[in-house]
Amino acid sequence: MDLIYVLVPLVVVGFFAFFILLPRYGPHYVSRIVCPNCRKGFNFHWVPGATLASLRYGNRRRLKCPYCGQVNTFDIASTRVSQPKAAHRA
Ligand SMILES: [Zn+2]
């Protein structure tokens, strides 16, 4: 059957849209996170319920700080901001 040759591209396109396009252009939240180690803030874009991590950790995410590299667990629900603020002082 050639059905597999139809399904595989559909799944690939679906994954691409779901994990790449949707978080970037679709409805998503932005959390303003402050690293507890170096006290520097950064924005984290996330889609509710879209990742396996959200199923495991709920509203908590383990993120690596882009400045000092330390991995911390953040509550992205409580730090959520309605509109992404321009980070002039990063
Ligand atoms: Zn840090």
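Helices (H or I, at least four residues) and strands (E, at least two) are taken here as DSSP runs, numbered from the N terminus. The model is a predicted one, in which local features need pLDDT of at least 70 and side-chain atom pairs count only at pLDDT 80 or more, while totals for chains, interfaces and linings use all residues. Residues are numbered from 1 along each chain as its sequence is written.

**Exercise 1.** Work out how many helices and strands the protein chain has, and in which order they run.

Solution. Counting the runs gives two helices and five strands for the protein chain. Read from the N terminus on, the order of these elements is α-β-β-α-β-β-β.

**Exercise 2.** Determine which strands form the open sheet and which of them stand at its edges.

Solution. Begin with the pairing rule, by which two strands pair if DSSP finds at least two bridges between them. Strand E1 (residues 29-34) and strand E2 (residues 41-46) run antiparallel and are joined by six bridges, and within this pair Tyr-29 stands opposite Trp-46 in E2. Next, E1 also pairs with E5 in the antiparallel sense, over two bridges, where Ser-31 has Arg-80 in E5 as its bridge partner. Putting these pairs together yields an open sheet of three strands in the order E2-E1-E5, with antiparallel pairing. E2 and strand E5 (80-81) each have a single partner strand and stand at the edges, so one side of each is left without a neighbour in the sheet.

**Exercise 3.** Examine the loop between E1 and E2, and state whether Arg-39 and Cys-38 are buried or exposed.

Solution. The hairpin of E1 and E2 has six residues between the strands, and both Arg-39 and Cys-38 lie in this loop. A residue is buried if 20 or more other C-beta atoms, placed from the backbone, lie within 10 Å of its own, exposed if 12 or fewer, and partly exposed in between. Arg-39 has 9 other C-beta atoms within 10 Å and is therefore exposed; Cys-38, with 12 C-beta neighbours inside 10 Å, also counts as exposed. As for the backbone, Arg-39 is not a glycine, yet has a positive phi of about 65°. Most residues other than glycine have a negative phi.

**Exercise 4.** Find which residues Cys-38 touches, not counting residues up to four places away in sequence.

Solution. Two residues are in contact if their C-beta atoms, placed from the backbone, lie within 7 Å. By this test Cys-38 touches Cys-65, Tyr-67 and Cys-68. From C-alpha to C-alpha, Cys-38 and Cys-65 are 8.8 Å apart in space, with their positions 27 residues apart in sequence counted as separation.
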